[in-house]
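Good morning, colleagues. Please turn to the structure on the screen, and I shall take you through it.

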Amino acid sequence: MRKRRLAAAFLILWAAQAHAQAVDRSAALAGLNGLRAGSGLPPLAYSAGLEKAALAHAGDMARKGFFSHTGSSGSTLETRLTRAGYGWCAAAENIAKGQPGLTEAMASWQASRGHRRNMLSREVTEFAIARGAGNIWVMVLARPGC
C-alpha cells in the first residue's frame, strides 16, 4: 500500500512538472526584491521547498480545471506546504490566471491590494513561483520554522 501511495505521489508531482512552463527565477527574484526594496523591506530568498508546493498547486488547478486557493482535495496552503516537507511559520499565496508572462503576472499582483500586501509582508523570508498549463500562476511566500 505504501509503495502505491509513493508511486501515486511521484506521478502527481511528475505530471505537475511536465505540464508546468518554465519561469525565469532570476527575473522573479529581481522583480519581487525590487518591489520590497522600494518599500524598505529586506530581500526574500528563493526556496526549492516552496517551489515544490507551488508547482503541485498550479498542476492541480490546471489538470482539474479550477482556480482557487483551495486544492481539489480541499487542501489549504498550509497543508500543501506541510505535504511538501516545508516547516512553515508564516505563509501566504498569490494565484493568477491568464497572464501570458511573468511581467504581467507580477503586475497584476502588484495592482491588487491583497496580493501586494503578501509580497510586502514583513513576516516572510522566502518565496517561489510556478506557472502551470493555461497560464496558471502560483506564488508562495513563507517563513520557515519559528
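Which residue caps the N-terminal end of α3? That residue is Ser-47, with a side-chain oxygen 3.3 Å from the backbone nitrogen of Gly-49. I should say at once that this is a predicted model.

Let us stay with helix α3, which covers residues 48-64. At 1.5 Å a residue, its 17 residues should span 24 Å, and the end C-alpha atoms are 24 Å apart, so expectation and model agree. The buried residues of α3 include Leu-50, Leu-55 and Met-61, but also Glu-51, His-57 and Asp-60. Just after the helix comes Gly-65, with a positive phi of about 70 degrees.

I turn now to the chain as a whole. The protein chain has six helices and four strands, and along the sequence they run α-α-β-α-α-β-α-α-β-β. Of its 146 residues, 42% are buried. The exposed area of the chain is about 7700 Å², of which carbon and sulfur atoms supply 57%. Among contacts with a separation of 6 or more, 67% join residues 24 or more positions apart.

One residue deserves a separate look: Ile-129, in strand β3, residues 126-132. Is Ile-129 buried or exposed? Its relative accessibility is 2%, and therefore Ile-129 counts as buried. Beyond its neighbours up to four places away in sequence, Ile-129 touches several residues, among them Val-23, Tyr-46, Trp-109 and Trp-137. Glu-51 is also one of these partners, and Glu-51 is among the buried residues of α3. Finally, the C-alpha atoms of Ile-129 and Leu-29 are separated by 9.4 Å, although these residues are 100 residues apart along the chain.

Conventions:
Residues numbered from 1 in each chain as written. Predicted model: local features only at pLDDT ≥ 70, side-chain atom pairs only at ≥ 80, totals over all residues. Heavy atoms only, no water. Helix = DSSP H or I, 4+ residues; strand = E, 2+ residues; numbered from the N terminus. Buried < 20%, exposed > 50% of the residue type's maximum accessible area, 1.4 Å probe, protein only. Contact = heavy atoms within 4.5 Å. Areas by Shrake-Rupley, 256 points an atom, 1.4 Å probe, with all protein chains shown as cover. Expected span 1.5 Å × (residues − 1). Polar contact = N/O pair within 3.5 Å; in protein donor to acceptor, adjacent residues only side chain to side chain.
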